[in-house]
Structure formats: C-alpha cells, structure tokens
Amino acid sequence: MNAAVVYSSASGNTERVAKAVADKLADQGVSLAYRGSVPQADSAEEAEALSADVVFAGFWTDKGTCAEDMAAFLAKLEGKRVFLFGTAGFGGSEQYFEQIAARVSQNLPATAKLLGSAMCQGQMGPGVKARYEAMLAQDPSNARIKAMIENFEQALGHPDEDDCERVASAAVAALRG
Ligand SMILES: Cc1cc2nc3c(=O)[nH]c(=O)nc-3n(C[C@H](O)[C@H](O)[C@H](O)COP(=O)(O)O)c2cc1C
C-alpha cells in the first residue's frame, strides 16, 4: 500500500498538522508516494500524489469549506481511499467540525471511499482580532462579537502538539480500519 499526504495551508496551521500526520504514517512503516502541498494540475508531483492508494488530504477552512485548490484536487481522487483532516478558526464543537468535513467531502468523486476525518482549531491572524474589536467598539454590548473575540483568544497556539497527535492518531487508526 502506498499513501500520500497532501495539504492546503494559507498560514501554516494545516501544514503543521500535515507534517505530524506524514511523520506518524512514516513511523508506522507506511510508504509515502508524496507529501506536500496541493500539487500543480498535471505536474509530476500530482502524478506522484495520484499514484497513492490512500490519500490523506488536509485543508484549512475557508468560509465553511476547503479552499479551491483542495476542492479541485479532491475531485481527482477517483477510486481512492481518503482521510480528510483540517483546521478551522472556530473550535469547541465536534459537531461544527463534522459539518465542515461533510461539506468538504462533497468534492470527492462517488468512487472515492472516505475513511474518516479529524479536525482541530487553528489560530487566526491579528487582523481578525482587530476587525472584531472595531466591531465591538461600534456595538459594545454585542454578545456575539464578544464570543468571537473569546474564540480568537482560545484559538491562539493551536494547532498545538496535542492537536497534531490527536489528528495523526486518527489518521493512522482510519488506515488500519
Ligand atoms: C479568508 C478566511 C476565511 C476563513 N473562514 C473560516 C470559516 O468559515 N470557519 C472557520 O472556523 N474558520 C475560518 N477561517 C480560519 C482558518 O480556517 C483557520 O485559522 C485555519 O487554521 C487556517 O489554516 P492555515 O494556517 O493552514 O491556512 C478563515 C480564515 C480566513 C483567512
């Protein structure tokens, strides 16, 4: 069996988790045909990634789903076994993560078999907090904006080692079935 770990990461959070997934698979003796970011369409790297039987695909959450590069890549996974992993700015609810993973999985062709998914929280950039604070200044009693600022603080430092370990373990467990 041959595997590939392919990720899309705008600010490094998902890349960190992908590294943990790839390292753990390699530790378990799984041979990796490709590990890296989403390859260019029709490149040699893409051919390597698509030569794998099992694809571990990591995405960052962009407006409730994955970014377009990952969506396009997932659509190419005809007949593959696929494990999805991802990071999202909002955490605290497994249900929220499951809903995103379900949406992302809709990019897979019908012939792909989804082995499972795992997600964790990923910190957001300082511009996001500045935007929330400006919103709160306009509307100081708005509980929803306060909760968004709280979530921002909670996300700082994630993904941490525990997040990476949890997602990587879930990936290995899904492979072993
Ligand atoms: C343009 C943009 C849209 C985002 N949309 C969402 C979203 O809909 N839900 C969410 O939970 N997080 C959202 N986030 C937060 C990121 O998904 C999160 O910080 C992620 O860990 C970034 O991963 P990366 O560092 O691998 O790019 C968004 C971030 C950006 C920049």
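This passage looks at the domains of a predicted model, the shell around its ligand, and one helical residue.

The protein chain is assigned two domains, and the split is worth tracing along the sequence. Domain 1 is made up of residues 2–122 together with 158–176, whereas domain 2 covers residues 124–156. Taken over C-alpha atoms, the centres of domain 1 and domain 2 lie 29 Å apart. Domain 1 contributes 7 residues to the contact, and domain 2 contributes 5 residues. On the domain 1 side of this contact, 6 residues are polar and 1 is nonpolar, with no charged residues.

Turning to the ligand, the shell around the ligand holds 18 residues. Those that come nearest are Asn13, Thr14, Trp60, Gly89 and Gly122. Several secondary-structure elements take part in this shell: helix H1 (13–27), strand E3 (54–62) and strand E5 (81–88) each provide at least two of its residues. By class, the shell comprises 10 polar, 5 nonpolar and 3 charged residues.

A closer look at Glu98 rounds off the description. Glu98 belongs to helix H4, which runs over residues 94–105. Within 10 Å of Glu98 there are 12 other C-beta atoms, and Glu98 therefore counts as exposed, since the cut-off for an exposed residue is 12 or fewer. Glu98 and Ala118 are 20 residues apart along the chain, and their C-alpha atoms are separated by 8.2 Å.

Note on methods:
Residues numbered from 1 in each chain as written. Predicted model: local features only at pLDDT ≥ 70, side-chain atom pairs only at ≥ 80, totals over all residues. Domains from an automatic or database assignment. Contact = placed C-beta atoms within 7 Å. Nonpolar A, V, L, I, M, F, W, Y, C, P; charged D, E, K, R; others polar. Helix = DSSP H or I, 4+ residues; strand = E, 2+ residues; numbered from the N terminus. Buried ≥ 20, exposed ≤ 12 C-beta atoms within 10 Å, placed from the backbone. Near = placed C-beta within 6 Å.
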